[in-house]
Amino acid sequence: MGKQKKIAVVLSGCGAMDGAEIHEATFTLWAIAKNGGSYEIFAPDIPQYHVINYITGDVMKEDRNVLVEAARIARGKIKALSQFRAENFDAIVFPGGYGAAKNLFTYAFDGLNCRVNPEVEKAVKDMAKAKKPIGALCIAPVLIAKILGKGEVTIGNDKGTADDIKKFGGKHKNTLHTEVAVDAENNIFSTPCYMLDATIVQIADGADNLVKVMMGKMAL
């Protein structure tokens, strides 16, 4: 029996509209544990772009920190992304949520002219260089395409976002609920989650399928 696989999970805050999507994040952690792996949670120690009132959808007049907010999901057991070292992990996963497109990179506001957080970029490039699996859910596959400038990913079937992935140098594969796009050459694994009109059960199944496929590709 091989050693337990250790996966880094990178969060972008806490909450679908301004941070990490909580269902996607939680079910990713659940799937890792369920499939016999272990995880460590990271987030960049940076100001959150803005804070949303989830009842009204309005921007609130307050400031929050991405790492502190992500710690809510991690139950306090979390590290700053600056401490991430690729050699300590078998894979890395990025749950989605608008926070990924606001706090990890600025795609939500700047589109094709978006900027990537340097710590996020380093983590992805280091894992790619080590030929270790990179997983992404929901909008996060766009981040991977932006950083690497290659790879086949999925965000479901939204044409505008798929076109942007192609402009970043990647390829897009249309998928349905719970399906996983596998780029075996570049070790990239993605699933659409809430980029489609999904149920919470479909989110759980999508995260589970992603993790199962990733773990099957990890070096023994």
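# Core, sheet and charge pairs

Asp208 has a relative accessibility of 7% and counts as buried, where buried means under 20% relative accessible area, exposed over 50% and partly exposed in between (1.4 Å probe, protein chains only). The model is predicted: local features need pLDDT of at least 70 and side-chain atom pairs count only at pLDDT 80 or more, while totals for chains, interfaces and linings use all residues. Residues are numbered from 1 along each chain as its sequence is written, and side-chain values use heavy atoms, with hydrogens and water left out. Helices (H or I, at least four residues) and strands (E, at least two) are DSSP runs numbered from the N terminus.

**Sheet**

- Seven strands make up an open sheet of mixed pairing, ordered β5-β2-β1-β6-β7-β11-β10; two strands pair if DSSP finds at least two bridges between them.
- β5 and β10 are the edge strands, each pairing on one side only.
- β1 and β2 run parallel and are joined by five bridges, with Ala8 opposite Glu40 in β2.
- β7 (residues 134–137) also runs parallel to its partner β11, through four bridges, and Leu137 stands opposite Thr191 of β11.
- β10 (residues 181–183) is antiparallel to β11, with three bridges between them; here Ala181 stands opposite Ser190.
- The β10–β11 pair is a hairpin with four residues in between, and Asn187 in the turn has a positive phi of about 60°.
- In a regular strand, side chains alternate between the two faces of the sheet.
- In β11 (residues 188–191), Ile188 and Ser190 point one way and Phe189 and Thr191 the other, and all are buried.

**Nonpolar cores**

- The largest nonpolar core holds 37 residues, of which Ile7, Leu11, Ile78, Leu137, Leu210 and Met214 touch the most other members.
- At least two residues of this core come from each of β1 (6–10), α1 (22–34), β2 (38–43), α2 (66–74), β6 (91–94) and α8 (200–217).
- α8 gives the largest share, seven residues.
- A second, separate core has 35 residues, among them Ala8, Ala100, Leu143 and Phe168.
- A nonpolar core is a set of buried Ala, Val, Leu, Ile, Met, Phe, Trp, Tyr and Cys residues joined through side-chain atoms within 4.5 Å.
- Beyond its neighbours within four places in sequence, Ile7 is in contact (heavy atoms within 4.5 Å) with residues including Ile32, Tyr39, Phe89, Val93 and Met215.

**Helix α2**

- Seven of the nine residues of α2 are buried: Val66, Leu67, Glu69, Ala70, Ala71, Ile73 and Ala74.
- These buried residues pack against α1, β2, β5 (79–80) and α3 (98–104).
- At the N-terminal end, Asn65 caps α2, with a side-chain oxygen 2.8 Å from the backbone nitrogen of Leu67.
- Arg75, just after α2, takes a positive phi of about 55°.

**Lys102**

- Lys102 lies in helix α3 and is buried without a salt bridge, the nearest side chain of opposite charge being Asp18 at 6.9 Å.
- Lys and Arg count as positive and Asp and Glu as negative, while His and the chain ends are not counted.
- The Lys102 side chain makes a polar contact with the side chain of His50 at 2.9 Å.
- A polar contact is a pair of N or O atoms within 3.5 Å; within protein, one must be able to donate a hydrogen and the other to accept it, and residues adjacent in sequence count only if both atoms are side-chain atoms.
- Leaving out residues up to four places away in sequence, Lys102 touches Met17, Tyr49, His50, Ala108 and Phe109.

**Salt bridges**

- There are 12 salt bridges in the structure, each a side-chain nitrogen of Lys or Arg within 4 Å of a carboxyl oxygen of Asp or Glu.
- Asp90 and Lys3 form a salt bridge, with the closest N and O atoms 3.5 Å apart.
- Asp90 is in the loop between β5 and β6 and Lys3 in the segment before β1, so this pair ties together parts 87 residues apart in sequence.
- Asp90 is buried at 16% relative accessible area, whereas Lys3 is exposed at 58%.
- Lys6 and Glu40 meet in a salt bridge of 3.1 Å, N to O.
- Because Lys6 lies in strand β1 and Glu40 in strand β2, the pair ties together parts that are 34 residues apart in sequence.
- Lys6 is partly exposed at 29% and Glu40 buried at 17% relative accessibility.
- Lys212 forms a salt bridge with Asp208, the closest N and O atoms being 3.5 Å apart.
- Lys212 and Asp208 are four residues apart in helix α8, about one helical turn.
- Lys212 is partly exposed, with a relative accessible area of 42%.
- Glu62, Arg64, Glu69 and Arg72 are joined into one network by salt bridges that share partners.
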